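Hi everyone, thanks for coming. I'd like to walk you through one model today, strand by strand, so please have the view open and follow along.

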Amino acid sequence: MSVVKEVSKMLLTVKDLTKKFNHKIVVNNINLSINQGDLVAFLGPNGAGKSTTINMLTGIIPPTTGIIKLDGLQPSSTQYHQKIGVVFQNSVLDNELTVKENLLSRQKMYRNSVDKLDDWIDKFALQSILNQKYGVLSGGQKRRVDIVRALIHDPELLFLDEPTTGLDIQTRKLIWKVLSDLRKETKLTIVLTTHYLEEAELADFVYVIDHGQVIAADTVNNLKQNFAQDVLTIYPSDMMKISQILSDYKYQIDGQQVAIFVQQYQAIDLLNKLKPVINSFEYRRGNMDDIFLNLTGKGVE
Ligand SMILES: Nc1ncnc2c1ncn2[C@@H]1O[C@H](COP(=O)(O)OP(=O)(O)OP(=O)(O)O)[C@@H](O)[C@H]1O
């Protein structure tokens, strides 16, 4: 029996997107193709142009040039806005209203919205703060309310602009657990900007952005393979014998240590061969930081 692989639908396409502020190019000719159901990360340092890109994709600011299409719709149309939810870096809720009042007033804006509010309140653990004014909440509490606000009309595509910056690890975990459950239950597509490498690692596809340009666009695995190799570092006791054993491997000698670019499982076999001629070793998996460093010569932060 042949297995038919489900082909993902293209949800959002962006062609030659550029934004200039007073002649300064902040987003420079960006192209994006985002499939339905994917989690896509924009990874880049401060000022790379991530928020400006999100602001254009959410229709908050117009592009200088370029085309944005979501299921054939443009950001100027009402239907486009029905299909998206946005969590901004800075909250847009009313500090003087309670959590409940804020969420109910948001819900009223969408006449056709499916009533899942109680479910969201439950999932994001908002029950105990429903009657508190939004303005007095902690950063983590506010963020959970912001996400529920963005989900209230059951969007197809959720934009998260640095959703967990400054939040504690428990809140980050809760948010990602709920969002990942949601992705499994529905075909929710998520586009997120982040500085956190471990968040970018959750993504199906990553756009690495620097100086307003996409400098790499690939899956996490491919990016790692190309720009963040796993490294076995050995400290040899007999350097002469090392080069014979390593004849089939890619390696670099740096003083008394040798860095060998080898994947985890091959490393086990190799270490067995090297055992008699080394004093010690370290093994380090390639990570998103290496990717950024190799692509730009600098770290993400
Ligand atoms: N309204 C504006 N007018 C002029 N310059 C702007 C405006 N908005 C953003 N910029 C500039 O555009 C550049 C990109 O900013 P943007 O906020 O998009 O970057 P970012 O990648 O989201 O950074 P961060 O991670 O710090 O949020 C910065 O140099 C910023 O100063």
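**A walk through the model**

Let's begin in the middle of things, with strand β3 and strand β8 (residues 205-210): the two run parallel and are paired over four bridges. If you want a residue pair to click on, Val-40 sits opposite Phe-205 in β8. On another pairing, β3 is joined to strand β7 (residues 189-194), also in the parallel sense, and here there are five bridges. The partner of Ala-41 in β7 is Leu-192.

Before going further, a word on what we are looking at. This is a predicted model. Its mean pLDDT over the chain is 90, and 95% of the residues score at least 70. The model comes with an ipTM of 0.96 and a pTM of 0.84. As a general reminder, where pLDDT is low, the predicted coordinates should not be read in detail.

Back to β3, then. How many of the residues of strand β3 (residues 39-43) are buried? Five of its five, so to speak the full count, which makes the strand mostly covered. The side chains split by direction: Leu-39, Ala-41 and Leu-43 point one way, while Val-40 and Phe-42 point the other way, and all of them are buried.

β7 tells a similar story. Six of the six residues of β7 are buried, so the rest of the structure largely encloses this strand. On one side you'll find Thr-189, Val-191 and Thr-193, and pointing the other way Ile-190, Leu-192 and Thr-194, all of them buried. β7 also pairs with strand β6 (residues 157-161): the two run parallel, and five bridges join them. Look at Leu-192 again here, as this residue in β7 is the bridge partner of Leu-160. Leu-192 was also the partner we met for Ala-41.

**The antiparallel sheets**

Now let's move to a sheet of three strands. It is open, the order is β2-β1-β4, and the pairing is antiparallel. Why do β2 (24-35) and β4 (65-70) each have one side left without a neighbour in the sheet? Both stand at the edges, and each has a single partner strand, so one side remains unpaired. On average, neighbouring strands in this sheet are turned by 15 degrees against each other, direction ignored.

Within this sheet, strand β1 (residues 10-21) pairs with β2 over eight bridges in the antiparallel sense. For a pair to look at, find Lys-20, which stands opposite Ile-25 in β2.

Between β1 and β2 there is a loop, and Asn-22 lies in it. The phi of Asn-22 is near 45 degrees, a positive value in a residue that is not a glycine. In general, most residues other than glycine have a negative phi. Is Asn-22 buried or exposed? Asn-22 has 5 C-beta neighbours inside 10 Å, so this residue counts as exposed.

There is another positive phi to show you. Asp-71, again not a glycine, has a phi of about 55 degrees. Asp-71 lies in the loop between β4 and α2 (78-83). With 15 C-beta neighbours inside 10 Å, Asp-71 counts as partly exposed.

Next comes a sheet of four strands, also open and antiparallel in its pairing, with the order β11-β12-β10-β13. Here the edges are β11 (251-254) and β13 (278-284); each has a single partner strand, so one side of each has no neighbour in the sheet. Neighbouring strands are turned by 20 degrees against each other on average, direction ignored. Inside the sheet, strand β10 (residues 231-236) and strand β12 (residues 257-261) run antiparallel and are joined by four bridges. Thr-233 has Ala-259 in β12 as its bridge partner.

**The ligand and the domains**

Which residues are around the ligand? They are Phe-21, Val-26, Gly-44, Asn-46, Gly-47, Ala-48, Gly-49, Lys-50, Ser-51 and Thr-52. By character, this shell divides into three nonpolar, six polar and one charged. Its largest share, three residues, comes from helix α1 (residues 50-57).

Finally, let's zoom out. The domain assignment of the chain gives domain 1 (10-224) and domain 2 (230-285). Taken over C-alpha atoms, the centres of domain 1 and domain 2 are separated by 44 Å.

That's my tour, and I'm happy to go back to any view.

Technical notes
Residues numbered from 1 in each chain as written. Predicted model: local features only at pLDDT ≥ 70, side-chain atom pairs only at ≥ 80, totals over all residues. Pairing = 2+ DSSP bridges. Axes fitted to C-alpha atoms, helices over the stretch in contact; angles between N-to-C directions. Near = placed C-beta within 6 Å. Nonpolar A, V, L, I, M, F, W, Y, C, P; charged D, E, K, R; others polar. Buried ≥ 20, exposed ≤ 12 C-beta atoms within 10 Å, placed from the backbone. pLDDT = per-residue confidence, 0-100. Domains from an automatic or database assignment.
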